[in-house]
Amino acid sequence: MTDLHLLTAISPIDGRYRSKVDGLALYFSEYALIRYRVMVEVEYFIALCEEPLEQLKNFDHGKFDALRAIYRNFQLEDAERVKEIENVTNHDVKAVEYYLKEQFDRLELKGFKEFIHFGLTSQDINNTAIPASLRDAVHDIYYPFLEELISKLEALSNEWRDVPMLARTHGQPASPTRLGKEVRVFVERLKRQLVLLKDIPCPAKFGGATGNFNAHKAAYPEVDWVDFANRFVGEKLRMEREQVTTQISNYDNLAAIFDNFKRINTILIDLARDFWSYIMMEYFKQKIKKGEVGSSAMPHKVNPIDFENAEGNLGVANALFEHLSAKLPVSRLQRDLTDSTVLRNIGVPLAHSVLAIQSLQKGLGKLLINKSAINRDLENNWAVVAEAMQTILRREGFANPYEVLKDLTRTNEVINEESISRFVDTLEVNERVKDELKKISPQNYTGVDLF
């Protein structure tokens, strides 16, 4: 099997799940990496032309559109040509340089070819092209998926805002809450992490072979190359240049981005497990789709597979994000090559994350609230109002109310509305307080409306 096919792909990202993440190929495929490299090289040449360099002063600025068309109209066959050149050079970035020199010949710009990749090392291209591709993929694909999920959760939290529900701390019946509020917890957590993610600057390294602009200064000592690079990276590439580096990026901001992805995914794992548990507890039923099979052996089953698929994909993504954020900032002396191979994989955890978000959306869309099961649990756990009762009794100066309620509720006898009412009648408090205590129920003991 030599031809790549959905059924022969080694990675499920490029096989089974390809249709769900196909859009990411425009940012993280080999074709995409080459295209982004071409973009950086072209924009760098244009930026040099805009500087007062003697050898470029006669370049016709009217040719800039034709140069930009090289990457804007970059096709698969163009990437294949770069790969053909790489088969000879055995160097991927040098192959891009030679490809562009061919394009300059085509555009009759032969006299300017040596200013392609002028004074640069390959990492000036990689450490701008790769962060740019990540930035664009996150903006174009990841943010819309995540924001859509947050909007869905926000809508559900509003829909279920007034639904009382038994809480379960340590897995045991606890003070009641509201279903909508519990969903809102995830909305708030995700929104906060999204703000933090958007606040992390997109980093770029651009400074020559060892970060000092050695070759640039040797050729044009009068040019302020630091100012040039800051303007080029900031204005042309829309990224933040790292000021003091080795041959490669410091990768600290990139690591922060991956850590932020990981935190978001951890929140989503928490969400997936909670909804899985609510389905197990029958608080939700799931919509049935005609023709679908829940179990190959048990015809009655409708499994919560969307939440399980999400959890699995999030786990894979986080394992890769963990490696990326831990490995990339570490390099021997001025550089080693370990970052190069690792960087080629940044689209993989992002793809698994996007898959997971889609699965969560699908799972949430199947939910049918089962209020009878939710109410049944509340009605079967009248002991949870003990917290409210002992707190009111504390207010009234009643002696040892916690201990009194503990003795009442921590037995093997049934605690229900009737037994609570009988207990209240035995208390030595005034009738107003007794009436107040008797009005408390698992259905209405849900605290403050928090949103």
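Helices here are DSSP runs of at least four residues, numbered from the N terminus. With that in hand, S441 lies in the segment after helix 19, which covers 431–438. One more point before we go on: this is a predicted model.

Let me stay with S441. Is it buried or exposed? S441 is buried, because its relative accessibility is 13% and the cut-off for buried is under 20%. What does S441 touch, once neighbours within four places in sequence are set aside? The contacts are W382 and V385.

Just past those two residues comes helix 16, residues 386–395. Its buried residues are A386, A388, M389, Q390, I392 and L393. They pack against three helices: helix 17 (401–409), helix 18 and helix 19. After helix 16 comes G397, with a positive phi near 80 degrees.

Helix 18 runs over residues 417–426, and S421 sits in it. S421 counts as partly exposed, since its relative accessibility is 25%. That value falls between the limits of 20% and 50%. Now look from S421 to K434. They are 13 residues apart along the chain, and their C-alpha atoms are 8.9 Å apart.

Next, helix 12. This one covers residues 305–327, 23 residues in total. From first C-alpha to last, helix 12 reaches 33 Å. The expected value at 1.5 Å a residue is also 33 Å, so the two are close, given that the expected span is 1.5 Å times one less than the number of residues.

Which residues of helix 12 are buried? The list is D306, F307, A310, N313, L314, A317, N318, F321, L324, S325 and K327. What covers them? The cover includes helix 11 (252–280), helix 13 (338–343) and helix 14 (347–366). Strand 6, residues 367–369, is also part of that cover.

Now a helix pair. Two packed helices are described by the angle between their axes and the distance between the axes. For helix 3, residues 30–49, and helix 7, residues 122–159, the axes come within 9 Å. They cross at roughly 115 degrees. The crossing is right-handed.

Which residues meet there? From helix 3 we have L33, Y36, R37, M39, V40 and E41. From helix 7 we have D124, I125, N126, T128, A129, I130, A132, S133 and D136. By class, this contact has 8 nonpolar, 3 polar and 4 charged residues.

Helix 3 ends at residue 49, and that brings us to cysteines. C49 is buried, because its relative accessible area is 4%. C202 is buried too, at 15%. How many disulfides does the model have? The count is 0, where a pair would need its sulfur atoms within 2.5 Å.

Last topic: backbone angles. Two residues that are not glycine have a positive phi. H117 is at about 60 degrees, and E282 is at about 70 degrees.

Where are they? H117 is in the loop between helix 6 (92–106) and helix 7. E282 is in the loop between helix 11 and strand 5 (284–286).

Their accessibility puts them in separate classes. H117 counts as buried because its relative accessibility is 12%. E282 counts as partly exposed because its relative accessibility is 46%.

That is the tour. To go back to where we began: S441 follows helix 19, and its contacts beyond the nearby sequence are W382 and V385.

Definitions and conventions:
Residues numbered from 1 in each chain as written. Predicted model: local features only at pLDDT ≥ 70, side-chain atom pairs only at ≥ 80, totals over all residues. Heavy atoms only, no water. Axes fitted to C-alpha atoms, helices over the stretch in contact; angles between N-to-C directions. Left-handed = near helix turned anticlockwise from the far one by under 90°. Contact = heavy atoms within 4.5 Å. Nonpolar A, V, L, I, M, F, W, Y, C, P; charged D, E, K, R; others polar. Buried < 20%, exposed > 50% of the residue type's maximum accessible area, 1.4 Å probe, protein only.
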